[in-house]
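Biologist: Please take me through one part of this chain at close range, residue by residue where that helps. I'd like a single connected account that I can follow with the picture open beside me.

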Amino acid sequence: MEHLLPQKAFGKPSLNTAAGLVSELDPVGDKLPGERAMKDYWSASKQSVVLAYSAQSIIVKENSSLLDLIIQGKTTWRAHRQFVTAWFGRARYVAEHVLCRCAETETGTNTLQLLPDVPAEKFNPPSFTEHQAANIARKFE
């Protein structure tokens with residue numbers, strides 16, 4: 001998101017633009033859901049997406065993120081409580097710096113109200129290939 005600033009050069013991120021972009025970013029050619037399915041999924045999960053995204057960014061052990069362990073049902077408070085502050089801080093960062101900067105800001109505002117009041121923690125987004133980065137920039141021009 002921050003790579004698409006300033007918004008004088010790139011339009012505000014939107015669900016319509018992002019849904020149409022997903023298949024272009026697929027590096028291995030997996031069959032991804034269509035644009036309508038992406039919008040339906042977003043509608044059903046938009047309040048929790050910051051938690052999933054930020055959990056994916058926290059590597060707990062080699063090749064396993066906090067999200068991987070949550071999905072596998074392998075997380076416990078005792079074993080993983082040290083990651084909770086970073087998890088919520090990163091989620092707050094995504095809500096403030098991504099969702100609240102989108103064309104539709106209500107999701108970001110509503111999401112912030114659901115998160116604990118912890119300082120936002122900036123983190124590096126996943127890397128894109130040069131081709132993927134060019135496609136993203138082109139879509140948001």
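Modeller: Let's start where helix H3, residues 49–56, packs on helix H6, residues 84–97, in this predicted model. The two helices meet at an angle of about 120 degrees, and their axes are 8 Å apart. That angle makes H3 oblique to H6, because 65 to 115 degrees would count as roughly perpendicular and over 145 as roughly antiparallel. The crossing of H3 and H6 is right-handed. To find the contact on your screen, pick out Val-50, Leu-51, Tyr-53, Ser-54 and Ala-55 on H3. Their partners on H6 are Trp-87, Phe-88, Arg-90, Ala-91, Val-94 and Ala-95. Sorted by class, the residues of this contact are nine nonpolar, one polar and one charged.

Now look at H3 by itself. Which of its residues are buried? They are Val-50, Ser-54 and Ala-55. Viewed down the axis of H3, these buried residues fall within an arc of 125 degrees, so they line one face of the helix. Val-50, Ser-54 and Ala-55 also appear in the contact with H6. H6 is one of several partners here: the buried residues of H3 pack against strand S2, helix H4 (66–71), H6 and H7. Val-49, also in H3, counts as partly exposed, with 26% relative accessibility.

From H6 we can move on to helix H7, which covers residues 106–114. H6 and H7 pack at an angle of about 155 degrees, again with axes 8 Å apart. This time the angle makes H6 roughly antiparallel to H7, since it lies over the 145 degrees used as the cut-off. H6 passes H7 in a left-handed crossing, whereas the crossing of H3 and H6 is right-handed. On the H6 side of this contact are Arg-92, Ala-95 and Glu-96, and they meet Gly-108, Thr-111 and Leu-112 of H7. By class, that gives two nonpolar, two polar and two charged residues. Ala-95 is worth marking, as it is listed in the contact of H6 with H3 and also in the contact of H6 with H7.

Next, turn H7 so that you look along it. Its buried residues are Thr-107, Gly-108, Thr-111 and Leu-112. Seen down the axis of H7, they fall within an arc of 130 degrees, so they too line one face of their helix. This face packs against helix H2 (35–45), H3 and H6. On the other side of H7, Glu-106 and Gln-113 are exposed.

Two threonines of H7 make a nice pair to compare. Thr-111, in H7, is buried, with a relative accessible area of 1%. What does Thr-111 touch, leaving aside its neighbours within four places in sequence? Its contacts are Lys-46, Gln-47, Val-50, Ala-95 and Leu-99. Val-50 is a buried residue of H3, and Ala-95 belongs to the H6 side of the contact with H7, so you can use Thr-111 as a landmark for tracing the three helices, given that its 1% relative accessible area counts as buried. Val-49 and Thr-111 have C-alpha atoms 9.3 Å apart in space, although 62 residues separate them in sequence. Thr-109, also found in H7, is partly exposed, with a relative accessible area of 39%. The C-alpha atoms of Thr-109 and Glu-96 are 8.1 Å apart, with the two residues 13 apart in sequence.

Stepping back to the whole chain, you will find eight helices and two strands. From the N terminus, the elements run α-α-α-β-β-α-α-α-α-α. Of the 141 residues, 31% count as buried. Among contacts between residues at least 6 apart in sequence, 64% join residues at least 24 apart.

One last stop is the loop between strand S1 (59–61) and strand S2 (64–65), where you will find Asn-63. Asn-63 has a phi near 65 degrees, a positive value in a residue other than glycine. Most residues other than glycine have a negative phi. Asn-63 is exposed, with a relative accessible area of 69%.

How values were computed
Residues numbered from 1 in each chain as written. Predicted model: local features only at pLDDT ≥ 70, side-chain atom pairs only at ≥ 80, totals over all residues. Heavy atoms only, no water. Axes fitted to C-alpha atoms, helices over the stretch in contact; angles between N-to-C directions. Helix = DSSP H or I, 4+ residues; strand = E, 2+ residues; numbered from the N terminus. Parallel < 35°, antiparallel > 145°, perpendicular 65-115°, else oblique. Left-handed = near helix turned anticlockwise from the far one by under 90°. Contact = heavy atoms within 4.5 Å. Nonpolar A, V, L, I, M, F, W, Y, C, P; charged D, E, K, R; others polar. Buried < 20%, exposed > 50% of the residue type's maximum accessible area, 1.4 Å probe, protein only. Arc of directions from axis to C-beta.
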